Amino acid sequence: MTSNQAKPLAAIYIRVSTEDQARHGISLQAQEDSLKNYCNALGYQIFKIYRDEGISAKDIAHRPQMVQMLSDAESKKFQAIFIYKLDRFSRSLMDLINTIDKLKEWGIDFVSMQDKIETTSASGKLMFHIISAFAEFERNVTSERTRFTMKAKFQRGGLITKAPLGYKIINKELFPGDNSYIVQEIFQAFLNNDTSLTQLAKKYGLSVNGLKKVLANETYLGKVKFAGETLPGKHTPLISQELFDKVREKLS
């Protein structure tokens, strides 16, 4: 076996959009030459050079050579991926982190020449963990912001897609409908009569399960539920808390 054959194999990925080449003069050939030298300096043999020319960085899925390279990485056809700069790989931090997480799972190292980021050394791994931490922070902030927005919409009735019996939706908010009186009737009939659930459900055109859902629905108290939490809504309640509690007690 020659020394060349004993070297670990590396994939080189290069990408340049038409806009990049016009604005910055970053050619595929310049990236390729630099990366070849860098691979050789670090003791890698080049397995293949993957080129996406005239393609933007927005979406990895629409870059055919990138897709092919990741498929080959999953098949473990090489041991490392070399890129010229992180923005050649992806301009989306989340895309970058998620892709490198996959490479880590497959046991493939990742090297960005210009950014001095690689997962082959302790210092390179530390830098990547720092980037990952910021990405995780960004995910959490986005999640909290989304949850806050959704919670506010729930309280306004803004995320209710189907109005419960007795309500109607106007401009994504709940308002009592023309049949709102029926809800009070159902609660009173169940509480004050010995009519069976089957008979009561039939009287109001509901299934037994549908009737049970009406009798247990806290929306009629002017409340909404979000992420397991009961919150005050902005809509008008159709029954009192006292009536609801008595019905719940009888149901149980």
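**A mixed sheet, two helices and a pocket**

Let me begin with a single pair of residues: in this model, which is a predicted one, Tyr13 stands opposite Ile83, a residue of strand 3. The pairing behind that detail is between strand 1, residues 9–16, and strand 3, residues 80–83, which run parallel and are joined by four bridges.

Stepping back to the sheet as a whole, there are five strands in an open arrangement, with the order 2-1-3-4-5 and with mixed pairing. At the edges we find strand 2, covering 45–53, and strand 5, covering 117–118, each of which pairs on one side only. Helix 3, residues 28–41, packs on this sheet and touches strand 1, strand 2, strand 3 and strand 4, the last of these being 109–112; the direction of helix 3 makes about 160 degrees with that of strand 1. Helix 4, residues 64–74, lies across strand 1, strand 2 and strand 3, and runs at about 150 degrees to strand 2.

That leaves the pockets, and here I would ask which residues are the closest to the centre of the largest pocket. The volume of this pocket is about 160 Å³, and of the 10 residues that line it, Lys104, Ile108, Asp109, Thr119 and Lys125 are the closest to its centre. As for the elements involved, helix 6, which spans 93–106, and helix 7, which spans 122–155, each supply at least two residues of the lining. Sorted by class, the lining of the largest pocket comprises four nonpolar, three polar and three charged residues.

Note on methods
Residues are numbered from 1 along each chain as its sequence is written. This is a predicted model: local features need pLDDT of at least 70, side-chain atom pairs count only at pLDDT 80 or more; totals for chains, interfaces and linings use all residues. Side-chain values use heavy atoms; hydrogens and water are left out. Two strands pair if DSSP finds at least two bridges between them. Contact means heavy atoms within 4.5 Å. Axes are lines fitted to C-alpha atoms, for helices over the stretch in contact, and angles run from 0 to 180 degrees between N-to-C directions. On a 1 Å grid over the protein atoms alone, a cavity is a set of points where a 1.4 Å probe fits but cannot get out, and a pocket is an open set with protein on both sides within 12 Å along at least five of seven lines; lining residues have an atom within 4 Å of a point. Grid points are joined across faces, edges and corners, and a volume is the space filled by probe spheres set on the points. Ala, Val, Leu, Ile, Met, Phe, Trp, Tyr, Cys and Pro count as nonpolar, Asp, Glu, Lys and Arg as charged, and the others, Gly among them, as polar.
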